[in-house]
Amino acid sequence: MNKIFYVFLFVLPLNLAFVQNTAEDEVLDIEKRRFQAMINEDFDLLENLMDDQLVYIHSNGNIDSKASFINAIKAGKTAYDDIKLEESKVRIYDKTAIINGLCVFHQKNPDGSPRQTRLRYTNVYIKQKGHWKMVSWQSYKMS
């Protein structure tokens with residue numbers, strides 16, 4: 001009986017840690033897929049990954065909804081050549097995931113010259129009906 005107790009005592013925390021890491025990995029994978037969808041202009045994927053009540057606060061203070069964010073990409077007002085994720089820390093709280101990260105957006109200026117914007121950001125996902133949805137983004141430019 002004591003052996004079984006000790007097995008549960010040591011195995012249960014390992015299983016809980018595995019579940020936590022799996023959720024963190026899942027959210028980070030979704031974040032990377034979202035960045036790639038922005039680059040590839042994959043509007044269907046962006047629609048699926050973003051919540052209808054998304055609040056997207058850009059580093060310049062402008063605010064977008066889900067519709068206005070996606071429409072800016074569709075209209076060519078916003079285009080991404082590449083997005084490099086440099087750092088990320090995912091924390092899971094029940095059905096909420098918070099990412100604190102550092103990334104570099106590669107875009108073009110109106111004259112066609114390259115522009116890089118290094119951003120520190122916070123992104124929030126919530127789990128709805130078994131799927132993670134992005135509900136909030138806020139970033140600021142690193143100097």
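Okay, a salt bridge here is a side-chain nitrogen of Lys or Arg within 4 Å of a carboxyl oxygen of Asp or Glu. Keep that in mind, and remember that we're looking at a predicted model. So how many salt bridges does that rule give? The count comes to seven.

Let's walk through a few of them. Asp52 and Lys66 meet through their side chains, N to O, at 2.9 Å. Asp52 sits in strand S1 and Lys66 in helix H3, so this pair ties together parts that are 14 residues apart in sequence. Is each partner buried or exposed? Asp52 is exposed, at 64% relative accessible area, while Lys66 is buried, at 6%.

Next, Arg120 and Glu87, where the closest N and O atoms are 3.1 Å apart. This one links distant parts of the chain, with Arg120 in strand S5 and Glu87 in strand S3, 33 residues apart. Arg120 is partly exposed at 26% relative accessibility, and Glu87 is partly exposed too, at 40%. Also, Glu47, Asp52 and Lys66 are joined into one network by salt bridges that share partners.

Then there's a pair inside one helix: Glu31 and Arg34, 3.4 Å from N to O. They're three residues apart in helix H1, so about one helical turn separates them. Both Glu31 and Arg34 are buried.

Back to H3, which covers residues 66–74. Its buried residues are Lys66, Phe69, Ile70, Ala72 and Ile73. Looking down the axis of H3, those buried residues fall within an arc of 155°, so they line one face of the helix. After H3 comes Gly76, with a positive phi near 80°.

Now the largest nonpolar core. It has 31 residues, and Met38, Phe105 and Trp137 touch the most other members. Which helix or strand gives the largest share? That's H1, with eight residues. If we skip its neighbours within four places in sequence, Met38 is in contact with Leu46, Tyr56, Phe69, Ile73, Tyr80, Ile83 and Phe105.

Last stop, the strands. S4, residues 96–108, runs antiparallel to S5, residues 114–128, and 13 bridges join them. Their hairpin has five residues between the strands, and Gly112 there takes a positive phi near 95°. S5 also runs antiparallel to S6, residues 131–141, with ten bridges. That hairpin has two residues between its strands, and Lys129 in the turn has a positive phi of about 50°. A nice residue to find on screen is Thr122 in S5: Asn100 stands opposite Thr122, and Thr122 stands opposite Gln138 in S6.

Note on methods
Residues numbered from 1 in each chain as written. Predicted model: local features only at pLDDT ≥ 70, side-chain atom pairs only at ≥ 80, totals over all residues. Heavy atoms only, no water. Pairing = 2+ DSSP bridges. Helix = DSSP H or I, 4+ residues; strand = E, 2+ residues; numbered from the N terminus. Buried < 20%, exposed > 50% of the residue type's maximum accessible area, 1.4 Å probe, protein only. Arc of directions from axis to C-beta. Core = buried A, V, L, I, M, F, W, Y, C linked by side-chain atoms within 4.5 Å. Contact = heavy atoms within 4.5 Å.
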